[in-house]
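Reader: I am in my first year and would like a close look at a single part of this protein. Please take one helix and follow what surrounds it.

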Amino acid sequence: MLTETPTLLTSRRQLEERIRNRTAAVGIIGLGYVGLPLAVEFAKAGFRVTGIDVSDTKVEQVNRGDSYVLDVQSSDMEELTRSGHLRATSDFSVLAELDTVNICVPTPLRKSKDPDMSYIAAASEQLARYLHPGMLIILESTTYPGTTEEFLLPMLQAGSLEVGRDFFLCFSPERVDPGNPSFRTSNIPKVVGGVTPVCTSLGEMFYQDVLSRVVPVSSSRVAEMVKLLENTFRMTNIAMVNELAIMCSRMSINVWEVIDAAATKPFGFMPFYPGPGLGGHCIPIDPFYLSWKSRQLGMEARFIELAGYINAGMPQFVLDKIQVSLNDHDKPLRGSRVHIMGVAYKRDIDDLRESPALDLIHLLQKRGAIVSYSDPFIHQIHLENIDLEAVPESFAEAADCTVVATDHSGFDYEKLVARAPLIVDCRNSLKGYSSPNVVRL
Ligand SMILES: NC(=O)c1ccc[n+]([C@@H]2O[C@H](COP(=O)([O-])OP(=O)(O)OC[C@H]3O[C@@H](n4cnc5c(N)ncnc54)[C@H](O)[C@@H]3O)[C@@H](O)[C@H]2O)c1
């Protein structure tokens with residue numbers, strides 16, 4: 001049991017008071033898809049927010065009030081920077097002045113599919129340097145259960161300050177869904193779990209006046225596992241339905257019709273949809289944080305491994321579908337023009353990370369196809385193995401095969417069906433069209 005001396009109690013009470021009257025100096029480390037909307041939400045609520053990022057470009061853009069995240073309006077940012085509620089810097093010494101810090105840095109996988117903790121480590125090193133009494137630190141980056149206590153805490157507690165007494169440490173998973181018009185940072189319930197009960201209650205207090213609902217849980221480990229359950233749930237169900245799509249294709253059954261009919265069941269069923277593979281920074285990656293941790297404990301995460309295997313095979317399945325469809329039109333894949341509609345990893349967003357369209361383009365090019373693409377959100381792709389500029393949608397008319405890889409709402413599907421000689425639709429975007437030139441996944 002920690003004893004609270006009057007001075008230390010004062011620093012905690014002071015933090016509570018500052019959170020309550022919104023004078024707490026709020027810091028966000030990592031101003032990407034997660035960190036920027038969060039910074040804007042707290043700034044809108046009246047806190048003075050400092051974003052810290054290693055990217056000078058992002059820092060300059062924030063300070064100019066210029067948004068680079070689709071879900072954040074530049075007009076909001078301009079107003080907040082003008083009023084002094086939002087600023088950004090790449091100078092970590094500001095941490096010394098901050099009362100609260102949310103860590104929103106990337107957590108990718110290494111090539112070996114092991115967690116890459118280097119970003120969290122770099123942010124934590126800086127925090128350890130500037131840690132001071134009365135500071136609340138909340139990790140939001142998705143990670144394996146135990147990270148906050150086993151990885152972050154030892155780095156922070158190396159000095160003389162004690163967690164739960166001198167400073168406070170929580171994990172709160174970020175659940176933002178970029179491009180979702182109904183659910184934004186502000187109205188997605190926020191799960192938070194602290195390393196000690198005092199940490200949890202401070203974390204809860206921090207979010208509760210700004211976000212619509214806070215869900216406290218008993219520990220940071222539980223909070224870490226919540227996020228992994230959510231994403232593993234999606235990843236494994238998508239894999240199941242992807243496998244079903246392959247079965248349906250063999251049996252000449254329209255998998256989309258099956259799912260839509262099944263979804264009329266008012267209980268016990270939730271629809272998931274097949275596609276050309278998994279994309280984004282979360283669903284294809286996060287479950288492997290869990291399987292890595294399980295392996296450390298001598299347990300194989302078999303569902304995750306199997307789902308990963310099935311999902312990773314989807315671009316090849318689409319490639320086979322394209323090849324067979326072209327052959328049915330007496331054309332070989334080699335030398336054919338294949339036009340991809342949509343390369344972002346999902347509808348109406350500008351994020352290319354882990355997009356299955358990239359795997360598909362790579363496979364097509366390897367087989368000798370001449371590939372072009374249209375995407376209103378992604379104007380060029382310059383990667384190690386792909387170098388392409390976006391072209392107008394009308395390229396579909398001259399292509400031997402067009403593939404709807406991502407169903408952006410701005411595409412003119414009616415024109416596509418009327419003019420493209422052959423379309424492989426991976427997203428059911430052509431539902432309702434029964435034209436002979438349309439082939440479904
Ligand atoms: N993008 C999503 O939809 C989403 C949703 C839920 C959770 N998450 C999780 O949130 C975390 C952040 O994801 P994101 O999509 O915002 O990533 P991002 O790449 O868009 O943003 C991360 C930011 O952190 C900065 N950064 C990197 N190292 C830093 C350091 N040492 N100090 C300061 N800044 C640093 C980068 O420059 C970048 O601006 C990840 O763990 C991710 O899994 C993402």
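Author: Contact here means heavy atoms within 4.5 Å. The model is a predicted one, and the part chosen is helix 13, which covers residues 356-366.

Start with the residues of helix 13 that are buried, meaning under 20% relative accessible area. They are Pro 356, Ala 357, Leu 358, Leu 360, Ile 361, Leu 363 and Leu 364. An α-helix has 3.6 residues a turn, so residues three or four places apart point the same way. Keep that in mind when reading the numbers in the list.

Next, the surroundings. The buried residues of helix 13 pack against helix 12 (314-328). They also pack against several strands: strand 9 (337-341), strand 10 (370-374), strand 11 (380-382), strand 12 (387-389) and strand 13 (401-404). After helix 13 comes Gly 368, with a positive phi near 90 degrees.

In soluble globular proteins, nonpolar side chains tend to be buried together. In this model the largest nonpolar core has 128 residues. Leu 364, one of the buried residues of helix 13, is among those with the most contacts inside this core, along with Ile 322, Ile 340 and Val 403. The largest share of the core, 8 residues, comes from helix 8 (residues 220-250).

Ile 322 leads back to helix 13. Leaving out residues up to four places away in sequence, Ile 322 touches Leu 360 and Leu 364, both of which are on the list of buried residues in helix 13. Ile 322 also touches Leu 333, Cys 401, Val 403 and Val 424. Apart from the largest core lies another, of 11 residues, including Leu 416, Val 417, Ala 420 and Val 438.

Charged pairs give a second view of how parts are joined. Side chains of opposite charge can pair when their charged atoms come close. The model has 24 salt bridges. One of them joins Arg 221 to Glu 150, with the closest N and O atoms 2.8 Å apart. Arg 221 belongs to helix 8 and Glu 150 to helix 6 (residues 147-156), so this pair ties together parts that are 71 residues apart in sequence. Both partners are partly exposed: Arg 221 has a relative accessible area of 33%, and Glu 150 has one of 38%.

Another salt bridge links Arg 419 and Glu 397, at 3.4 Å from N to O. Arg 419 is in helix 15 (residues 413-419) and Glu 397 in helix 14 (residues 395-398), so parts 22 residues apart in sequence are tied together.

Key. Residues numbered from 1 in each chain as written. Predicted model: local features only at pLDDT ≥ 70, side-chain atom pairs only at ≥ 80, totals over all residues. Heavy atoms only, no water. Buried < 20%, exposed > 50% of the residue type's maximum accessible area, 1.4 Å probe, protein only. Helix = DSSP H or I, 4+ residues; strand = E, 2+ residues; numbered from the N terminus. Core = buried A, V, L, I, M, F, W, Y, C linked by side-chain atoms within 4.5 Å. Salt bridge = Lys/Arg side-chain N within 4 Å of Asp/Glu carboxyl O.
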